[in-house]
Amino acid sequence: TGAVVTVGETMLLLSGTEPGEVAELEHLRVDTGGAESNVAIGLVRAGVPATWVGRVGADPAGDRVLRDVRSAGVDVVPVVDPDRSTGLMVKERLHDGRTRVTYHRRHSAASALVPEDVPAGLVERAAAVHLTGITLALSDTARATVHAVLDRADAAGVPVSFDVNHRAKLVDASTARGVYRPVAERAEVLFAGDDEARLLLGLGDDEGTDEDLAHALAAVSRGPAVVKAGSRGAVAVVDGRTLRRPATPVRVVDPVGAGDAFVAAWLAATLTGAPAETALDRAADAGALACTVAGDWHRPDPAALHRPGTPDTADVHD
Ligand code: KDG
């Protein structure tokens, strides 16, 4: 098969090595993260080639981003923007146990993504294309890039995967639906958290069970829909059938990146011909495993699945 192609922003990630706020910490760990490159890395680990198109600044943070994604085995198509900086994300583990993520990404290099950044032939030769709501929310030109990729995928008959990945700090809930919905309608597979599903469907808080949401999403997308419901597990609707999978219990260190690992495992399984039940099992395990390591994409130890703890994968993005 060809590669899975994805486009998005990957940032330098500075994270506290111990609980506390940046205001009081002495050390921060240098890392990188971005939803789309996280998925690409997960795909490569599952044996499926992946290409990530990313725009970074001509700066040391950009060098680090490109190096990290490349060294995980992803084929990187870099666009280096001399006029803008690489985005930055700060992650703190607060004293009350919550994780807080702060972005420094307004007017970043990646928010200047343009359709021409995605080389001719790349989408057309892909096994699938994976897109997220984050890229849609970065800027008008980044949104145009996502739509151009969609059009090209459509024209070439390449399936599209879409993960809503709503980031309230990038787009407010009132406009978000109109931003995500047109892409969701063109996706062959649609992923959403339960709250994201409600946002996309225009439902109120707590309206609809995970099953209801998955069925409603499957009516929006062109194919399966998968609701990632954190500690409640996941529900997929595939050809009208409902598949339910409880969360795999693990000791949670850092839930950021779990959704990306989930998506990567689902895509890798389905693209290599596995049945949807297997895809959902692998996705749930991969999402759980991703919670057992600090960082957004670092390789977890599979043995952690056999050292269960509390499956608390609360979203930290609002
Ligand atoms: O899904 C994990 C991502 O949220 C993280 O790696 C950073 O891309 C990111 C974002 O925009 O939050």
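Which residue in β6 does leucine 13 stand opposite? Keep that question for the second stop and begin with the whole chain.

**Whole model**

Show everything as a cartoon. The model is predicted. Nine helices and 13 strands make up the protein. The C-alpha trace spans about 50 × 45 × 40 Å along its principal axes. A compact globule of 318 residues would have a radius of gyration near 20 Å, and the 18 Å of this protein agrees with that.

**Stop 1: the sheet of four strands**

Select residues 11-16, 28-33, 88-93 and 99-104. The strands form an open sheet in the order β3-β2-β6-β7, and the pairing is mixed. At the edges are β3 (28-33) and β7 (99-104); each has a single partner strand, so one side of each lacks a neighbour in the sheet. On average, and ignoring direction, neighbouring strands here are turned by 25 degrees against each other.

**Stop 2: β2 beside β6**

Narrow the selection to β2 (residues 11-16) and β6 (residues 88-93). The two strands run parallel and are joined by four bridges. Label leucine 13: the residue opposite, in β6, is methionine 89. Now add residues 60-71. This is helix α2, which packs on the sheet and touches β2 and β3. The direction of α2 makes about 60 degrees with that of β3.

**Stop 3: the sheet of nine strands**

Move to the other open sheet, whose nine strands follow the order β5-β4-β1-β8-β9-β10-β11-β12-β13 with mixed pairing. To find the edges, select β5 (75-81) and β13 (241-245): each has a single partner strand, so one side of each is left without a neighbour in the sheet. From one strand to the next, the twist averages 15 degrees.

Within this sheet, pick out β1 (residues 4-7) and β4 (residues 50-57). They run parallel, with four bridges between them. Label valine 5 and threonine 51; the threonine, in β4, is the bridge partner of the valine.

Next, bring in α8, which packs on this sheet. The strands that α8 touches are β1, β8 (128-132), β9 (160-163), β10 (189-193), β11 (225-228) and β12 (234-238). Compare the direction of α8 with that of β10: the two make about 160 degrees.

**Stop 4: α8 against α9**

Keep α8 (residues 258-271) and add α9 (residues 276-290). Their axes lie 7 Å apart, at a packing angle of about 150 degrees. Since angles over 145 count as roughly antiparallel, α8 and α9 are therefore roughly antiparallel to each other. The crossing in which α8 passes α9 is right-handed.

Show side chains for the contact. From α8, take Ala258, Ala261, Phe262, Ala265, Trp266, Ala269 and Thr270. From α9, take Ala276, Ala279, Leu280, Arg282, Ala283, Ala284, Ala286, Gly287 and Ala290. How many of the residues in this contact are nonpolar, polar and charged? The division is 13 nonpolar, two polar and one charged.

**Stop 5: α1 against α8**

Hide α9 and select residues 35-45, helix α1. This helix and α8 pack at about 45 degrees, and their axes are 8 Å apart. α1 and α8 are therefore oblique to each other, and their crossing is right-handed.

On the α1 side, show Ala35, Asn38, Val39, Gly42 and Leu43. They meet Asp260, Val263, Ala264, Leu267 and Ala268 in α8. Coloured by residue class, this contact has seven nonpolar residues, two polar and one charged.

**Stop 6: α6 against α7**

For the last pair, select α6 (residues 194-201) and α7 (residues 210-220). The angle between them is about 50 degrees, with the axes 10 Å apart. α6 and α7 are therefore oblique to each other. What is the hand of the crossing of α6 and α7? It is left-handed.

Show Asp194, Ala197, Arg198, Leu200 and Leu201 in α6. Across from them, in α7, show Asp210, Leu213, Ala216, Leu217 and Val220. The residues of this contact divide into seven nonpolar and three charged, with no polar ones.

How values were computed. Residues numbered from 1 in each chain as written. Predicted model: local features only at pLDDT ≥ 70, side-chain atom pairs only at ≥ 80, totals over all residues. Heavy atoms only, no water. Axes fitted to C-alpha atoms, helices over the stretch in contact; angles between N-to-C directions. Parallel < 35°, antiparallel > 145°, perpendicular 65-115°, else oblique. Left-handed = near helix turned anticlockwise from the far one by under 90°. Contact = heavy atoms within 4.5 Å. Nonpolar A, V, L, I, M, F, W, Y, C, P; charged D, E, K, R; others polar. Pairing = 2+ DSSP bridges. Rg over C-alpha atoms; globule rule 2.2 N^0.38 Å.
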